[in-house]
Amino acid sequence: MISFTIALVALVAGYLIYGKFIEKVFGPDDRPTPAVWKADGVDYIVLPSWKIFMIQFLNIAGTGPIFGAIMGAKFGPVAYLWIVFGCIFAGATHDYLSGMLSIRHGGANLPDLIGRYLGNTAKNVMLVFSVLLLMMVGVVFVFSPAKILGGIWEPAFFTERFGQYFFWIMVVFIYYIIATMLPIDKIIGKIYPLFAFSLIFMALALMVCLFIKMPNLPELWDGLGNRGADSLDFHAPIFPMLFITIACGAISGFHATQSPLMARCVKSEKQARPIFYGAMITEGIVALIWATVAMYFFYDQPTPGYQVMAGGTDAVNDAPSVVNMICNDWLGVFGGILAMLGVVAAPITSGDTAFRSARLIIADFLKIEQQSLHRRLMVCIPMFGAAIALLVWQMADAKGFNTIWSWFGWSNQTLSVFTLWALTVYLARQQKKYVVTLVPALFMTTVCSTFLLISNQAFGLSSTVSYTGSVCVFVIALVWFCMWHRKAMNNN
């Protein structure tokens with residue numbers, strides 16, 4: 001618990017100190033924001049800063065800081081280091097600067113920003129890449145909450161005629177269509193703050209329980225490879241798997257697709273640090289709490305948590321089961337309700353903003369204005385048609401969900417690589433301290449290249465070959481940037 005306390009203090013200090021430094025590097029001013037000069041009553045709407053923060057937090061969080069942190073806790077206390085350093089120096093910096101860059105460019109979507117700073121080829125690749133990523137997010141976050149709700153109750157009429165989970169899939173999809181089509185202040189602006197509050201309250205309640213119980217957990221100084229008891233039989237390599245597993249709690253490319261949604265609602269650039277940097281730090285704190293809770297569940301000595309809880313006899317490895325067991329055991333009936341909000345409502349709210357982002361990206365590319373309803377329908381009908389086809393495939397294939405989820409995990413981090421490089425180019429052109437994004441860009445480039453080389457999802461090479469190859473990629477990326485920077489400075 002000492003490592004947890006130090007990490008918690010470090011995250012708060014990171015917001016107060018490094019967050020202020022990053023804000024100074026960018027330099028917000030008093031120029032009119034897109035929410036003011038492009039106001040359309042649909043996507044460009046001035047909202048209160050506290051509400052934007054809550055929406056941004058829920059948009060980027062979903063179940064990411066919960067499920068990712070739980071699975072990442074299997075690596076032991078080294079997860080603390082990645083959550084703290086990743087969140088402060090990579091994730092929160094990535095989210096703040098991508099949000100600010102969107103504001104400076106009229107609320108531009110991520111592919112447009114990448115195209116502006118990395119070229120049209122990168123823009124076209126990211127256009128397809130980001131839309132596919134957002135579609136995967138939406139589809140994954142249809143089936144998982146529908147499956148949980150279907151396990152609780154489902155009308156026999158629909159189950160007998162259309163199969164299990166059909167009713168809840170239909171309900172979630174109808175909600176997605178409505179939320180994606182309506183102005184952002186009609187549904188998202190009203191219910192998201194409530195769900196965000198529930199997610200934060202649940203995490204804080206669990207943190208209080210942790211300090212009351214003071215479990216005996218592995219500490220950082222016990223060794224980075226210390227994973228407590230070996231009952232999990234979990235031996236995945238820390239590099240790169242830890243950095244892929246814990247994404248939303250440290251850095252996530254998906255966030256850069258969500259920041260433009262809120263960039264179109266900010267009244268002043270000076271509100272951006274609490275909204276973008278602050279929301280990511282808050283997500284890091286949630287991930288830190290859940291990682292510690294999971295360490296208690298997996299590794300507490302002398303008896304792991306799963307063995308002392310009601311119904312916990314064998315090791316439970318899937319994240320939703322861990323959430324339900326912990327919340328019901330520690331927080332009682334009220335905790336069970338909060339767990340339901342976290343496991344069901346959070347992915348649904350991430351899914352609808354994913355589809356909303358996809359609609360805006362497609363509309364910007366096709367130059368279809370989105371103020372009128374029928375124009376929104378022109379984009380939404382084929383988009384949801386493709387999503388339904390992907391969902392049908394996922395349900396028909398027994399491994400469909402795991403396949404989509406695994407590809408989402410890798411593509412999510414790859415998207416952050418492109419965003420970080422675009423931000424680095426922007427800062428270099430503006431003659432600002434580009435090293436703040438260059439270092440995380442190089443690191444995440446190495447992480448993703450190593451994963452591609454070593455993972456069976458891609459090349460499946462030996463660890464020696466994979467690590468050697470990733471070092472080569474690191475050197476090539478660094479040399480490429482240095483050559484580009486020298487040329488760019490000479491042209492100026």
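In the predicted model described here, a polar atom of the side chain of Asn-412 lies 2.8 Å from the backbone nitrogen of Phe-254. Asn-412 belongs to helix α17, which spans residues 400-429, and with a relative accessibility of 1% it falls under the 20% limit and therefore counts as buried. When residues up to four places away in sequence are not counted, Asn-412 touches Leu-133, Ala-247, Ser-252, Gly-253 and Phe-254.

Phe-254 also takes part in a second polar contact, in which its backbone oxygen is reached by the side chain of Thr-257 at 2.5 Å. Thr-257 is located in helix α12, a helix that covers residues 254-263. Its relative accessible area is 2%, so that Thr-257, like Asn-412 at 1%, is classed as buried. Beyond its neighbours within four places in sequence, Thr-257 is in contact with Leu-110, Leu-134, Ser-357 and Leu-415. Phe-254 is thus approached through its backbone nitrogen by the side chain of Asn-412 and through its backbone oxygen by the side chain of Thr-257.

The chain as a whole contains 19 helices and zero strands. Of its 492 residues, 59% are buried. Among the contacts in the chain with a separation of 6 or more, 81% are formed by residues 24 or more positions apart.

The packing of helices was examined for two pairs. In one of them, the axis of helix α12 (residues 254-263) comes within 11 Å of the axis of helix α13 (residues 272-299), and the two axes cross at roughly 135°. This angle lies neither under 35 degrees, nor between 65 and 115, nor over 145, and α12 and α13 are therefore oblique to each other. The crossing in which α12 passes α13 is right-handed. On the side of α12 the contact is made by His-255, Ser-259, Met-262 and Ala-263, which meet Phe-276, Met-280 and Glu-283 in α13. Classified by residue type, the contact of α12 with α13 comprises four nonpolar, two polar and one charged residues.

In the other pair, helix α18 (residues 435-454) packs with helix α19 (residues 463-491) at an angle of about 145°, and the axes of these two helices are 8 Å apart. The crossing of α18 and α19 is likewise right-handed. From α18, the residues Leu-438, Leu-442, Thr-445, Thr-446, Ser-449, Thr-450, Leu-453 and Ile-454 take part, and they meet Ser-463, Ser-466, Tyr-467, Gly-469, Ser-470, Val-473, Phe-474, Ala-477, Leu-478 and Phe-481 in α19. By class, the contact of α18 with α19 consists of 10 nonpolar and eight polar residues, with no charged residue among them.

A contact between parts of the chain that are separated in sequence is provided by Ile-45, which is placed in the loop between α2 (34-37) and α3 (49-61). Although Ile-45 is a loop residue, its relative accessibility is 13%, a value under the 20% limit, and it therefore counts as buried. Ile-45 and Ile-184 stand 139 residues apart in sequence, while their C-alpha atoms are 7.8 Å apart in space. Apart from neighbours within four places in sequence, the residues in contact with Ile-45 are Ala-35, Pro-183, Ile-184, Asp-185, Arg-264 and Cys-265.

Several details of the backbone were also noted. Most residues other than glycine have a negative phi, and most peptide bonds are trans. The peptide bond from Phe-239 to Pro-240, however, is cis, with omega near 10°, and Pro-240 is found in helix α11, which comprises residues 238-245. A positive phi, near 45°, occurs at Met-214, a residue other than glycine. Met-214 is situated in the loop between α10 (188-213) and α11, and because its relative accessible area of 47% falls between 20% and 50%, it is classed as partly exposed. Gln-431 also has a positive phi, near 55°. This residue is located in the loop between α17 and α18; with a relative accessible area of 61%, which is over 50%, Gln-431 is therefore exposed.

Methods:
Residues are numbered from 1 along each chain as its sequence is written. This is a predicted model: local features need pLDDT of at least 70, side-chain atom pairs count only at pLDDT 80 or more; totals for chains, interfaces and linings use all residues. Side-chain values use heavy atoms; hydrogens and water are left out. Axes are lines fitted to C-alpha atoms, for helices over the stretch in contact, and angles run from 0 to 180 degrees between N-to-C directions. Helices (H or I, at least four residues) and strands (E, at least two) are DSSP runs, numbered from the N terminus. A crossing is left-handed if the near helix is turned anticlockwise from the far one by less than a right angle, and right-handed if clockwise. Contact means heavy atoms within 4.5 Å. Ala, Val, Leu, Ile, Met, Phe, Trp, Tyr, Cys and Pro count as nonpolar, Asp, Glu, Lys and Arg as charged, and the others, Gly among them, as polar. Buried means under 20% relative accessible area, exposed over 50%, partly exposed in between (1.4 Å probe, protein chains only). A polar contact is a pair of N or O atoms within 3.5 Å; within protein, one must be able to donate a hydrogen and the other to accept it, and residues adjacent in sequence count only if both atoms are side-chain atoms.
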